[in-house]
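Visitor: I would like to go through this model with you, beginning with its pockets and then turning to how its helices pack. Could you guide me?

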Amino acid sequence: MQGTIQLGVMGLLTLSLSMLVTGNVLLPWKASQIVMLLCLVLVCSCFGFAMQPLAQKYLDAGTAAMMTAINPMTASIIGIVVAHESLGVVKFLGYALILSGLLI
């Protein structure tokens, strides 16, 4: 329930800010844009805000904290594998900092 409220508030604030800054809202009209938008909404937003807190209530605090800490690293690795992003020195340093933070 909390995730649904967060998504709703975020959507309303984003819509109002978009109207305030640009004066109008441009919606996607191409089928490919609508499919991409639906994928982002369902997978990234709905799953992240609704399912993750639901699953975390069954974990102890240490495990939940570890999963949250490695989340940026796993997202970056998926970007490298799926979207063929580059693995630079900065990303590698970020991975090292995340892992060393977990070890400490």
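Guide: This is a predicted model, and in it the largest pocket holds about 370 Å³ of space. Among the 13 residues that line this pocket, those closest to its centre are V43, F47, G48, Q52 and N71.

Visitor: Which element gives the largest share of the lining of the largest pocket?

Guide: Two elements give two or more residues to this lining, namely helix 2 and helix 3 (61-82). The lining as a whole divides into eight nonpolar residues, five polar ones and no charged ones. The largest share, eight residues, is supplied by helix 2.

Visitor: How many residues does helix 1 give to the lining of the second largest pocket?

Guide: The second largest pocket encloses about 290 Å³ of space, and its lining includes L7, M10, V41 and S45. Helix 1 and helix 2 each supply at least two of the lining residues. The largest share comes from helix 1, and it amounts to six residues.

Visitor: Are helix 1 and helix 2 parallel, antiparallel, perpendicular or oblique to each other?

Guide: Helix 1 (residues 2-22) and helix 2 (residues 31-56) pack with their axes 7 Å apart, at an angle of about 140°. An angle has to be over 145 degrees to count as roughly antiparallel, and 65 to 115 degrees counts as roughly perpendicular. The two helices, helix 1 and helix 2, are therefore oblique.

Visitor: Which residues of helix 2 do G3, Q6, L7 and M10 of helix 1 meet?

Guide: Helix 1 passes helix 2 in a right-handed crossing. The residues of this contact divide into four nonpolar, three polar and no charged. On the helix 2 side, the residues met are S45, C46 and F49.

Note on methods. Residues numbered from 1 in each chain as written. Predicted model: local features only at pLDDT ≥ 70, side-chain atom pairs only at ≥ 80, totals over all residues. Heavy atoms only, no water. Axes fitted to C-alpha atoms, helices over the stretch in contact; angles between N-to-C directions. Helix = DSSP H or I, 4+ residues; strand = E, 2+ residues; numbered from the N terminus. Parallel < 35°, antiparallel > 145°, perpendicular 65-115°, else oblique. Left-handed = near helix turned anticlockwise from the far one by under 90°. Contact = heavy atoms within 4.5 Å. Nonpolar A, V, L, I, M, F, W, Y, C, P; charged D, E, K, R; others polar. 1 Å grid on protein atoms, 1.4 Å probe; cavity = no way out; pocket = protein on both sides within 12 Å on 5 of 7 lines; lining within 4 Å. Points joined across faces, edges and corners; volume = space filled by probe spheres on them.
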